[in-house]
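The following dialogue takes up the terms used to describe a protein structure and asks what justifies each of them. Please keep the structure in view while reading.

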Amino acid sequence: MADQIPRPKISDGYLGKQAKFDEIGLSTLSHEDAFLEMNGNAIEIVIGYNQPTRFTTKLLLCNSGGQDNPNFVMVNNLQGRMCYTITVPQIGYYKFQIYALPTSEAGPSMVNVFNYVLFFKEMTDEFRPFPKQYPPWKNGCYMWEPRGIPHGCKAPGVPFKVHLPNAQQVMVTAGGEWTELQKVEDCVFQGLVDLSRPEMAEGGKVHMNVKGKGTGQYTTYLEYDV
């Protein structure tokens, strides 16, 4: 039970804003308190930014050896807002660490800018791993649906709707079949993907591939394990 889980030891200065948070021009748009208790197993955290900025995160289950869990976090980036939707498969304390660096600054290493401790006390939502998100996805992309596809899904029309800046063409591959998403407004692509094909009978991978403006190749942005 949740009340039997020991509270983790947190070092002084770990929680909340770190040294570069304000300097980079970041802001907490959803949760200023860095220690959060949820009567469930999901939360969305939103960080604002005022200049082009690269981000990455780590989600660590406390007292578990420090393994990152990227498939528990869905990253959506739209109009100066980094939205992190987190869903976990077990109750407990988690450390959620946010790293950032302005795009104008050179160097591969981002700096730790904010740390949360999240206490999920109940399993209220179905756990469904988010798709694998490749680096290009984090550059201004936003997914309305699907943020997860259930294992064994055989639906003949899974809806996709996504915001992709600078995209010229978007194709979703499943079971060897390529399905083009149609551009319905500026930077927004939408369509239905058939997962009922015999080639998907035993499951498999579903990829969302993007051809950017001025390029002749597709780049994989998302990978679903179905």
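Helices (H or I, at least four residues) and strands (E, at least two) are DSSP runs, numbered from the N terminus. The model is predicted, so local features need pLDDT of at least 70 and side-chain atom pairs count only at pLDDT 80 or more, while totals for chains, interfaces and linings use all residues. Residues are numbered from 1 along each chain as its sequence is written, and side-chain values use heavy atoms, with hydrogens and water left out.

Q: What is the helix and strand content over residues 17–131?
A: Over residues 17–131 the chain is 3% helix and 51% strand, and the end C-alpha atoms are 29 Å apart. An unreviewed UniProt entry annotates residues 17–131 as "domain: KY-like immunoglobulin-like". UniProt positions are given here in the numbering of this text, feature names are shortened, and annotations may be inferred rather than shown by experiment.

Q: Why are β2 and β6 said to stand at the edges?
A: Two strands pair if DSSP finds at least two bridges between them. An open sheet of 4 strands has the order β2-β4-β7-β6, with antiparallel pairing. In this sheet β2 (26–28) and β6 each have a single partner strand, so one side of each is left without a neighbour in the sheet. Direction ignored, neighbouring strands of this sheet are turned by 20° against each other on average; for this, axes are lines fitted to C-alpha atoms, for helices over the stretch in contact, and angles run from 0 to 180 degrees between N-to-C directions.

Q: How do you know that strand β4 is joined to strand β7?
A: The rule asks for at least two bridges, and 7 bridges join β4 (residues 42–49) to β7 (residues 81–87), the two running antiparallel. One bridge partner of this kind is arginine 81 in β7, which faces glycine 48.

Q: What makes β10 and β11 the edge strands of the sheet of 8 strands?
A: The order of this open sheet is β10-β17-β16-β13-β14-β15-β12-β11, with antiparallel pairing. Both β10 and β11 (142–145) pair on one side only. Within the sheet, 6 bridges join β12 (residues 158–163) to β15 in antiparallel fashion, and lysine 161 has glutamine 190 in β15 as its bridge partner.

Q: How do you know that the charged end of lysine 161 sits over the ring of tryptophan 144?
A: A charge sits over a ring if NZ of Lys or CZ of Arg is within 6 Å of the ring centre and within 35 degrees of the ring normal. The charged end of lysine 161 is 5.0 Å from the centre of the tryptophan 144 ring. Arginine 7 likewise lies over the face of phenylalanine 35, at 4.0 Å from the ring centre.

Q: Why is the pair of phenylalanine 72 and phenylalanine 127 called edge-to-face?
A: Rings of Phe, Tyr and Trp (its six-membered ring) pair if their centres lie within 6.5 Å; planes under 30 degrees apart count as stacked, over 60 as edge-to-face and the rest as tilted. The whole structure holds 11 aromatic pairs. In the pair of phenylalanine 72 and phenylalanine 127, the centres are 5.1 Å apart and the planes meet at 90°, hence the name edge-to-face. The two residues are 55 residues apart in the chain, phenylalanine 72 in the loop between β5 (53–61) and β6 (73–78) and phenylalanine 127 in the loop between β9 (111–120) and β10 (132–133). Elsewhere, Phe21, Phe114 and Tyr116 form one aromatic cluster.

Q: Why is phenylalanine 72 called buried?
A: Buried means under 20% relative accessible area, exposed over 50%, partly exposed in between (1.4 Å probe, protein chains only). Phenylalanine 72 has 14%, so the term buried applies. Phenylalanine 127, at 25%, is partly exposed.

Q: What makes the contact of lysine 121 and glutamate 37 a salt bridge?
A: A salt bridge is a side-chain nitrogen of Lys or Arg within 4 Å of a carboxyl oxygen of Asp or Glu. For lysine 121 and glutamate 37 the N to O distance is 3.5 Å, and the contact is a salt bridge. This pair links distant parts of the chain, 84 residues apart. By this rule the count comes to 9 salt bridges.

Q: Why are Glu177, Arg197 and Glu199 joined into one network?
A: Arginine 197 meets glutamate 177 at 3.5 Å and glutamate 199 at 3.2 Å, N to O. Salt bridges that share partners join Glu177, Arg197 and Glu199 into one network.
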